[in-house]
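This report looks at one strand and its partners, and then at a group of charged residues on the surface. Please keep the sequence and the structure in view while reading.

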Amino acid sequence: MSSRLTVALLFGGRSGEHEVSVRSAVSVARGLATHHHVLPVLVDHEGRWWLQDAATPEAAGGRAVFLVPAPGDGGVLRALEGGAVVARPDVYFPVLHGTYGEDGTVQGLLELASVPYVGSGVAASAAAMDKELMKALFAAAGVPQTPHRVLRRADRGRAPELVAELGLPLFVKPANLGSSVGVSKVKAASELEGALDAAFAYDRKVVVEAGVDAREIELSVLGNDDARASLPGEVLPDREFYDYDSKYSAESRTALRIPAPLDPGLVDEVQGLGVRAFRAVDACGYARVDFLLERKRGRVLVNEINTIPGFTSISMFPKLWEATGLPYPDLLARLVELGRERHAERAALKTTYSK
């Protein structure tokens with residue numbers, strides 16, 4: 001275990017998952033405090049950064065700060081008014097779900113500042129966030145997945161063809177969002193236009209997937225080049241599919257089976273595919289991989305990978321590692337170590353050419 005470090009916890013953000021991020025941050029801050037000193041930094045809906053005094057992240061309040069995107073400033077947080085140094089984090093921990101946080105944008109800022117941070121880098125974050133790119137990388141790596149099509153606004157006239165190509169039901173999703181925001185299940189052709197409206201409200205690209213009768217299996221991956229997978233778990237949604245309310249509503253009756261009741265051979269297959277999906281997008285640090293286990297054929301299909309999965313008290317990622325033998329505080333401390341290891345490796349690379 002490394003010595004006690006100061007961790008700047010970035011949470012909130014400009015995406016539709018702002019509220020989920022705040023909930024995740026509360027849990028992460030509590031767990032990090034076992035081994036490290038935590039600095040909650042709220043990113044508000046307009047993208048402004050607020051350093052908070054309280055140990056527990058809050059949905060509002062704080063001192064306006066900024067990070068200089070240059071290595072020479074040492075990764076300090078400066079007051080927006082006057083520029084004085086107000087904090088010196090040793091490592092940054094983004095818990096920013098969705099766009100402008102999970103998609104490589106914040107990771108780019110942290111790379112420019114040359115600071116250690118938890119999680120995947122720019123390319124992996126962007127590729128995993130964009131479902132079109134993610135699915136292309138999965139295909140190149142031979143990762144099995146459901147048939148799908150991608151629509152841009154200009155392609156919307158092709159929408160009726162998708163019913164003939166993919167059949168019903170269909171799932172319609174924004175290409176760059178998570179937590180099932182903007183996702184619809186289409187059971188009749190007449191429902192497709194409304195589903196596209198809901199998805200295009202959040203992104204310029206929409207992914208349309210063939211629906212399959214399947215069990216929903218998830219597992220957690222941890223590590224850099226030596227990534228390993230947790231035991232898999234199963235989600236039993238309390239409604240037709242695992243939507244936003246099913247995940248986060250206080251009234252949700254969604255059940256989690258941890259570990260999932262699977263044969264040992266199937267556990268090995270799911271874990272192997274999880275690590276392969278992790279490597280396909282060149283992820284590092286951690287991720288959650290979601291699967292569809294077809295009920296009739298028994299095929300395992302990879303649905304998606306999340307490089308900043310939910311960290312609330314009921315989220316699958318930490319629960320799966322607890323079931324695998326890694327308690328929550330130790331899991332978070334390990335994530336901080338992995339971020340620092342990756343930073344040290346990148347810092348040792350040459351940035352100028354010489355013979």
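Which residue in strand 16 does Gly223 stand opposite? In this predicted model, the residue opposite Gly223 is Gly285 of strand 16.

## Strand 12 and strand 16

Strand 12 comprises residues 214-223 and is mostly covered, with nine of its ten residues buried. Strand 16, made up of residues 285-294, runs antiparallel to strand 12, and the two are joined by ten bridges; the pair formed by Gly223 and Gly285 shows where these strands face one another.

## Strands 13 and 14

Strand 12 is also paired with strand 13, a strand of residues 228-229, in the antiparallel sense and over two bridges. Between strand 12 and strand 13 lie four residues, and together the two strands form a hairpin, in which Leu222 has Arg228 of strand 13 as its bridge partner.

A further antiparallel arrangement links strand 12 to strand 14, which covers residues 233-236, through three bridges. Here Glu218 stands opposite Gly233 of strand 14.

## A negative patch on the surface

On the surface, a patch of negative charge is formed by Asp225, Asp226, Asp282 and Glu345. Of these residues, Glu345 belongs to helix 10, which spans residues 328-347.

Why can Glu345 be counted in such a patch? Patch members need over 30% relative accessible area and no salt bridge, and Glu345, being partly exposed with a relative accessible area of 49%, therefore meets the requirement on area.

Key: Residues numbered from 1 in each chain as written. Predicted model: local features only at pLDDT ≥ 70, side-chain atom pairs only at ≥ 80, totals over all residues. Heavy atoms only, no water. Patch = residues over 30% accessible without salt bridge, like charges linked within 9 Å, V, L, I, M, F, W, Y side chains within 5 Å. Areas by Shrake-Rupley, 256 points an atom, 1.4 Å probe, with all protein chains shown as cover. Salt bridge = Lys/Arg side-chain N within 4 Å of Asp/Glu carboxyl O. Lys, Arg positive; Asp, Glu negative; His and termini not counted. Charge placed at Lys NZ, Arg CZ, Asp CG, Glu CD. Buried < 20%, exposed > 50% of the residue type's maximum accessible area, 1.4 Å probe, protein only. Pairing = 2+ DSSP bridges.
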